[in-house]
Amino acid sequence: MRAAAPRHPREVLLGAQAAVARLPVCDHYAGVEARMRKSLALQAEWAARCGTCVFDVTLDCEDGAPVGAEAAHAALVAALVQELDWSAAVPPRVAVRVHPVDHPAFEGDVATIVGSVGARLTHVMLPKVEALADVERAAAALDAAGAPQLPLHVLIELPAAVHRAFDIAAHARVQSLSFGLMDFVSAHGGAIPVTAMTLQGQFEHPLVRRAKLEIASAAHAHGKVPSHCVVTEFRDRDAVRRAAQRAAHEFGYTRMWSIHPDQIEPIVQAMAPSAAEVESAAEIIERALAADWAPIAHGGQLHDRASYRYFWQVLERAHATAQPLPASLQPLFT
(Lines give C-alpha, C1' and ligand atoms only; values in the text may rest on other atoms or scores of the structure.)
Protein backbone atom coordinates (compact mmCIF):
# COMPACT_ATOMS: atom_id res chain seq x y z
CA MET A 1 0.00 0.00 0.00
CA ARG A 2 1.33 3.44 -0.92
CA ALA A 3 2.11 5.68 2.05
CA ALA A 4 -0.18 8.68 2.45
CA ALA A 5 1.20 11.82 0.90
CA PRO A 6 2.18 14.54 3.40
CA ARG A 7 -0.50 17.21 3.61
CA HIS A 8 0.73 19.83 6.04
CA PRO A 9 1.92 22.88 4.09
CA ARG A 10 5.26 23.05 5.89
CA GLU A 11 6.04 19.48 4.86
CA VAL A 12 4.83 19.80 1.30
CA LEU A 13 5.99 23.28 0.41
CA LEU A 14 9.04 24.22 2.43
CA GLY A 15 11.23 21.11 2.38
CA ALA A 16 14.52 21.98 4.06
CA GLN A 17 13.16 25.48 4.72
CA ALA A 18 10.72 23.95 7.20
CA ALA A 19 13.58 23.92 9.70
CA VAL A 20 13.97 27.71 9.46
CA ALA A 21 12.97 29.40 12.72
CA ARG A 22 9.70 31.30 12.65
CA LEU A 23 10.46 34.13 15.06
CA PRO A 24 8.16 36.90 16.31
CA VAL A 25 8.41 39.96 14.06
CA CYS A 26 9.47 42.27 16.90
CA ASP A 27 12.44 41.96 19.27
CA HIS A 28 12.01 44.34 22.21
CA TYR A 29 15.10 45.43 24.17
CA ALA A 30 15.25 46.57 27.79
CA GLY A 31 18.20 46.91 30.15
CA VAL A 32 17.12 48.94 33.19
CA GLU A 33 15.42 46.84 35.88
CA ALA A 34 12.11 48.73 35.88
CA ARG A 35 11.91 48.58 32.09
CA MET A 36 12.86 44.91 31.98
CA ARG A 37 10.07 44.08 34.43
CA LYS A 38 7.59 46.25 32.54
CA SER A 39 8.54 44.66 29.21
CA LEU A 40 8.12 41.13 30.53
CA ALA A 41 4.73 42.00 32.02
CA LEU A 42 3.68 43.61 28.74
CA GLN A 43 4.67 40.48 26.82
CA ALA A 44 2.52 38.35 29.12
CA GLU A 45 -0.45 40.70 28.62
CA TRP A 46 -0.12 40.57 24.83
CA ALA A 47 0.29 36.80 24.82
CA ALA A 48 -2.86 36.32 26.91
CA ARG A 49 -4.83 38.64 24.62
CA CYS A 50 -3.50 37.34 21.29
CA GLY A 51 -3.07 33.67 22.09
CA THR A 52 0.49 33.76 20.75
CA CYS A 53 3.73 35.58 21.54
CA VAL A 54 4.07 38.38 18.99
CA PHE A 55 7.31 39.89 20.32
CA ASP A 56 10.44 38.67 22.05
CA VAL A 57 11.91 40.44 25.07
CA THR A 58 15.69 40.67 25.12
CA LEU A 59 17.21 41.61 28.47
CA ASP A 60 20.25 43.74 27.77
CA CYS A 61 23.57 43.26 29.53
CA GLU A 62 25.67 45.20 27.03
CA ASP A 63 24.05 48.65 27.25
CA GLY A 64 21.96 47.91 30.34
CA ALA A 65 24.71 47.06 32.82
CA PRO A 66 26.33 49.98 34.68
CA VAL A 67 30.10 50.07 34.18
CA GLY A 68 31.70 48.14 37.01
CA ALA A 69 28.45 46.39 37.96
CA GLU A 70 28.30 43.89 35.10
CA ALA A 71 28.27 40.84 37.38
CA ALA A 72 25.41 42.19 39.48
CA HIS A 73 23.42 43.03 36.36
CA ALA A 74 23.90 39.52 34.97
CA ALA A 75 22.66 38.08 38.27
CA LEU A 76 19.60 40.35 38.07
CA VAL A 77 18.82 39.17 34.53
CA ALA A 78 19.04 35.53 35.61
CA ALA A 79 16.75 36.21 38.55
CA LEU A 80 14.16 37.94 36.34
CA VAL A 81 14.07 34.93 34.01
CA GLN A 82 13.65 32.58 36.96
CA GLU A 83 10.68 34.60 38.26
CA LEU A 84 8.62 34.32 35.06
CA ASP A 85 5.47 32.20 34.89
CA TRP A 86 6.63 29.26 32.80
CA SER A 87 3.31 27.45 33.27
CA ALA A 88 1.39 30.09 31.28
CA ALA A 89 -0.70 28.92 28.29
CA VAL A 90 1.65 30.95 26.09
CA PRO A 91 5.13 30.65 27.64
CA PRO A 92 7.42 33.70 27.74
CA ARG A 93 9.94 34.26 24.99
CA VAL A 94 12.95 35.87 26.63
CA ALA A 95 16.53 36.29 25.43
CA VAL A 96 19.65 38.07 26.65
CA ARG A 97 22.18 40.31 24.97
CA VAL A 98 25.59 39.58 26.47
CA HIS A 99 28.75 41.64 26.15
CA PRO A 100 30.97 41.14 23.07
CA VAL A 101 33.30 38.14 23.16
CA ASP A 102 36.36 40.37 23.70
CA HIS A 103 34.79 42.23 26.66
CA PRO A 104 35.96 41.21 30.16
CA ALA A 105 32.34 40.61 31.22
CA PHE A 106 31.46 38.19 28.40
CA GLU A 107 32.47 34.98 30.18
CA GLY A 108 30.73 36.08 33.36
CA ASP A 109 27.51 36.94 31.49
CA VAL A 110 27.39 33.49 29.93
CA ALA A 111 28.32 31.61 33.10
CA THR A 112 25.81 33.48 35.27
CA ILE A 113 22.85 33.66 32.91
CA VAL A 114 23.19 30.77 30.49
CA GLY A 115 24.63 28.57 33.22
CA SER A 116 21.52 29.03 35.37
CA VAL A 117 18.60 29.73 33.01
CA GLY A 118 19.93 28.72 29.59
CA ALA A 119 17.11 26.21 29.13
CA ARG A 120 14.58 29.05 29.50
CA LEU A 121 16.14 31.38 26.94
CA THR A 122 15.05 31.54 23.31
CA HIS A 123 18.48 32.77 22.19
CA VAL A 124 21.56 34.78 23.08
CA MET A 125 22.24 38.01 21.20
CA LEU A 126 25.94 38.50 20.47
CA PRO A 127 26.98 42.10 19.70
CA LYS A 128 30.01 43.52 17.89
CA VAL A 129 30.64 40.40 15.82
CA GLU A 130 33.50 40.99 13.41
CA ALA A 131 34.23 37.52 12.05
CA LEU A 132 33.18 33.88 12.15
CA ALA A 133 35.72 33.26 14.92
CA ASP A 134 33.63 35.41 17.27
CA VAL A 135 30.59 33.20 16.64
CA GLU A 136 32.66 30.07 17.21
CA ARG A 137 34.00 31.42 20.50
CA ALA A 138 30.48 32.31 21.68
CA ALA A 139 29.10 28.91 20.68
CA ALA A 140 31.88 27.20 22.64
CA ALA A 141 31.03 29.34 25.68
CA LEU A 142 27.35 28.36 25.49
CA ASP A 143 28.35 24.71 25.19
CA ALA A 144 30.56 25.02 28.27
CA ALA A 145 27.67 26.61 30.17
CA GLY A 146 25.49 23.58 29.43
CA ALA A 147 23.39 24.99 26.58
CA PRO A 148 24.60 23.26 23.40
CA GLN A 149 21.28 23.80 21.59
CA LEU A 150 20.80 27.48 22.45
CA PRO A 151 20.71 29.60 19.26
CA LEU A 152 22.84 32.67 18.67
CA HIS A 153 21.57 35.89 17.18
CA VAL A 154 24.35 38.03 15.76
CA LEU A 155 24.52 41.82 15.70
CA ILE A 156 26.52 43.12 12.74
CA GLU A 157 27.70 46.66 13.40
CA LEU A 158 31.06 47.07 11.68
CA PRO A 159 32.04 47.38 7.98
CA ALA A 160 34.27 44.29 8.04
CA ALA A 161 31.45 42.24 9.53
CA VAL A 162 29.15 43.26 6.67
CA HIS A 163 31.80 41.93 4.28
CA ARG A 164 31.75 38.59 6.17
CA ALA A 165 27.99 38.41 6.67
CA PHE A 166 27.51 35.37 4.42
CA ASP A 167 30.13 33.34 6.32
CA ILE A 168 28.60 34.36 9.65
CA ALA A 169 25.07 33.50 8.50
CA ALA A 170 26.23 30.06 7.38
CA HIS A 171 27.17 29.00 10.92
CA ALA A 172 24.73 26.35 12.13
CA ARG A 173 24.28 28.00 15.53
CA VAL A 174 23.26 31.36 14.07
CA GLN A 175 19.49 31.86 13.86
CA SER A 176 19.24 35.55 13.01
CA LEU A 177 21.34 38.49 11.79
CA SER A 178 20.64 42.01 13.06
CA PHE A 179 21.95 45.30 11.71
CA GLY A 180 23.41 47.82 14.18
CA LEU A 181 22.87 51.18 12.52
CA MET A 182 24.45 53.64 14.93
CA ASP A 183 27.67 51.72 15.50
CA PHE A 184 27.93 51.11 11.76
CA VAL A 185 27.69 54.83 11.00
CA SER A 186 30.11 55.74 13.82
CA ALA A 187 32.63 53.15 12.61
CA HIS A 188 33.19 55.17 9.44
CA GLY A 189 35.03 57.98 11.25
CA GLY A 190 32.75 60.75 10.06
CA ALA A 191 32.61 59.59 6.44
CA ILE A 192 28.89 58.90 6.86
CA PRO A 193 26.95 61.93 8.18
CA VAL A 194 24.88 61.77 11.34
CA THR A 195 21.75 62.17 9.22
CA ALA A 196 22.20 58.52 8.22
CA MET A 197 21.07 57.58 11.74
CA THR A 198 17.67 59.20 11.20
CA LEU A 199 14.49 57.64 9.88
CA GLN A 200 14.90 59.10 6.41
CA GLY A 201 18.67 59.06 6.14
CA GLN A 202 19.21 55.43 7.07
CA PHE A 203 17.23 54.33 4.03
CA GLU A 204 18.93 56.76 1.63
CA HIS A 205 22.68 56.78 2.29
CA PRO A 206 24.35 54.36 -0.17
CA LEU A 207 26.71 52.71 2.34
CA VAL A 208 23.93 52.14 4.85
CA ARG A 209 21.58 50.83 2.18
CA ARG A 210 24.28 48.45 0.98
CA ALA A 211 24.87 47.15 4.50
CA LYS A 212 21.15 46.56 5.06
CA LEU A 213 20.85 44.67 1.77
CA GLU A 214 23.99 42.56 2.32
CA ILE A 215 22.81 41.46 5.76
CA ALA A 216 19.29 40.63 4.58
CA SER A 217 20.66 38.77 1.57
CA ALA A 218 23.12 36.76 3.69
CA ALA A 219 20.38 35.82 6.13
CA HIS A 220 17.96 34.64 3.44
CA ALA A 221 20.71 32.77 1.58
CA HIS A 222 21.27 30.57 4.63
CA GLY A 223 17.70 30.31 5.92
CA LYS A 224 18.21 32.75 8.78
CA VAL A 225 16.02 35.64 9.97
CA PRO A 226 17.14 39.21 9.11
CA SER A 227 16.29 41.67 11.89
CA HIS A 228 16.20 45.41 11.20
CA CYS A 229 17.82 48.09 13.31
CA VAL A 230 16.26 50.52 15.78
CA VAL A 231 14.49 53.76 15.00
CA THR A 232 15.71 56.47 17.36
CA GLU A 233 12.56 58.57 16.93
CA PHE A 234 11.09 56.22 19.50
CA ARG A 235 7.98 58.22 20.45
CA ASP A 236 6.89 58.82 16.85
CA ARG A 237 4.71 55.77 16.22
CA ASP A 238 4.07 56.71 12.60
CA ALA A 239 7.80 57.04 11.95
CA VAL A 240 8.39 53.60 13.45
CA ARG A 241 5.60 52.13 11.32
CA ARG A 242 7.01 53.68 8.13
CA ALA A 243 10.50 52.40 8.92
CA ALA A 244 9.21 48.88 9.55
CA GLN A 245 7.23 48.95 6.30
CA ARG A 246 10.27 50.05 4.30
CA ALA A 247 12.48 47.48 6.02
CA ALA A 248 10.02 44.73 5.18
CA HIS A 249 8.88 45.75 1.71
CA GLU A 250 12.09 47.21 0.24
CA PHE A 251 14.92 45.48 2.12
CA GLY A 252 13.59 42.02 2.91
CA TYR A 253 13.61 42.20 6.72
CA THR A 254 11.12 40.00 8.57
CA ARG A 255 11.85 41.20 12.11
CA MET A 256 12.74 44.51 13.76
CA TRP A 257 14.13 45.84 17.02
CA SER A 258 12.06 47.87 19.47
CA ILE A 259 13.66 50.08 22.13
CA HIS A 260 10.48 51.49 23.69
CA PRO A 261 7.12 49.85 24.45
CA ASP A 262 5.39 52.38 22.18
CA GLN A 263 7.31 50.93 19.22
CA ILE A 264 6.03 47.37 19.58
CA GLU A 265 2.53 47.80 18.17
CA PRO A 266 3.50 49.79 15.04
CA ILE A 267 6.26 47.28 14.25
CA VAL A 268 3.89 44.33 14.58
CA GLN A 269 1.25 46.09 12.47
CA ALA A 270 3.74 47.03 9.76
CA MET A 271 5.19 43.52 9.56
CA ALA A 272 1.75 41.89 9.39
CA PRO A 273 0.12 41.08 6.03
CA SER A 274 -3.00 43.05 5.17
CA ALA A 275 -6.47 41.58 5.62
CA ALA A 276 -6.80 41.33 1.83
CA GLU A 277 -3.50 39.44 1.56
CA VAL A 278 -4.58 37.02 4.27
CA GLU A 279 -7.97 36.45 2.67
CA SER A 280 -6.45 35.73 -0.75
CA ALA A 281 -3.72 33.48 0.70
CA ALA A 282 -6.27 31.54 2.75
CA GLU A 283 -8.47 30.92 -0.30
CA ILE A 284 -5.53 29.66 -2.35
CA ILE A 285 -4.16 27.38 0.38
CA GLU A 286 -7.62 25.96 1.13
CA ARG A 287 -8.10 25.10 -2.54
CA ALA A 288 -4.57 23.69 -2.78
CA LEU A 289 -5.25 21.42 0.19
CA ALA A 290 -8.48 20.22 -1.42
CA ALA A 291 -6.55 19.47 -4.63
CA ASP A 292 -3.78 17.57 -2.78
CA TRP A 293 -1.34 20.30 -3.88
CA ALA A 294 -2.02 19.88 -7.61
CA PRO A 295 -2.17 23.11 -9.67
CA ILE A 296 -5.32 25.24 -9.41
CA ALA A 297 -6.78 28.33 -11.05
CA HIS A 298 -7.68 31.26 -8.81
CA GLY A 299 -8.74 34.73 -9.90
CA GLY A 300 -7.75 34.00 -13.45
CA GLN A 301 -4.22 32.93 -12.49
CA LEU A 302 -2.58 29.52 -12.36
CA HIS A 303 -1.01 28.51 -9.05
CA ASP A 304 1.16 25.54 -8.14
CA ARG A 305 3.59 24.65 -5.40
CA ALA A 306 5.95 27.50 -6.26
CA SER A 307 3.28 30.11 -5.51
CA TYR A 308 1.64 28.03 -2.76
CA ARG A 309 4.89 28.39 -0.83
CA TYR A 310 4.57 32.20 -0.89
CA PHE A 311 0.93 32.19 0.18
CA TRP A 312 1.57 29.74 3.01
CA GLN A 313 4.28 32.06 4.29
CA VAL A 314 1.76 34.92 4.23
CA LEU A 315 -0.45 32.84 6.51
CA GLU A 316 2.49 32.09 8.80
CA ARG A 317 3.17 35.81 9.15
CA ALA A 318 -0.52 36.40 9.83
CA HIS A 319 -0.45 33.83 12.62
CA ALA A 320 2.78 35.27 14.06
CA THR A 321 1.19 38.74 14.20
CA ALA A 322 -2.13 37.51 15.65
CA GLN A 323 -4.16 38.25 12.51
CA PRO A 324 -7.51 36.43 12.17
CA LEU A 325 -7.42 33.22 10.13
CA PRO A 326 -10.32 31.13 8.80
CA ALA A 327 -11.47 28.47 11.24
CA SER A 328 -10.72 25.78 8.65
CA LEU A 329 -7.02 26.66 8.67
CA GLN A 330 -6.49 27.25 12.38
CA PRO A 331 -5.71 23.57 13.11
CA LEU A 332 -2.61 23.91 10.92
CA PHE A 333 -1.14 26.26 13.53
CA THR A 334 -1.81 24.25 16.68
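Student: What makes β3 and strand β4 (residues 121-126) count as paired?

Tutor: Good place to start! In this predicted model, β3 and β4 are joined by 3 bridges in the parallel sense. Pairing asks for at least two bridges between the strands, so β3 and β4 qualify. One of the bridge partners is easy to find: Val94 is matched with Leu121 in β4.

Student: And how does the chain get from β3 to β4?

Tutor: The chain passes through helix α4 (residues 106-117), and this β-α-β crossover is right-handed.

Student: How do you know that strand β2 (residues 55-60) pairs with β3?

Tutor: Use the cut-off again: at least two bridges are needed. β2 and β3 have 4 bridges, in the parallel sense, so they count as paired. Look for Thr58, which stands opposite Ala95 in β3. Together with helix α3 (residues 70-83), β2 and β3 form a right-handed β-α-β unit.

Student: What makes both faces of strand β3 (residues 94-97) covered?

Tutor: Check each side in turn. Val94 and Val96 lie on one side, Ala95 and Arg97 on the other, and all of them are buried.

Student: Now to a helix. Why is Gln263 called buried?

Tutor: Compare the value with the limit! Buried means under 20% relative accessible area. Gln263 has 0% relative accessibility, so Gln263 counts as buried.

Student: Where is Gln263, and which residues does it touch?

Tutor: Gln263 sits in helix α11 (residues 261-271). Leaving aside residues up to four places away in sequence, Gln263 touches Val231, Glu233, Phe234, Val240, Trp257 and Ser258.

Key:
Residues are numbered from 1 along each chain as its sequence is written. This is a predicted model: local features need pLDDT of at least 70, side-chain atom pairs count only at pLDDT 80 or more; totals for chains, interfaces and linings use all residues. Side-chain values use heavy atoms; hydrogens and water are left out. Helices (H or I, at least four residues) and strands (E, at least two) are DSSP runs, numbered from the N terminus. Buried means under 20% relative accessible area, exposed over 50%, partly exposed in between (1.4 Å probe, protein chains only). Contact means heavy atoms within 4.5 Å. A crossover is right-handed if, with the strands pointing away from the viewer, the path from the first strand over the helix to the second runs clockwise.
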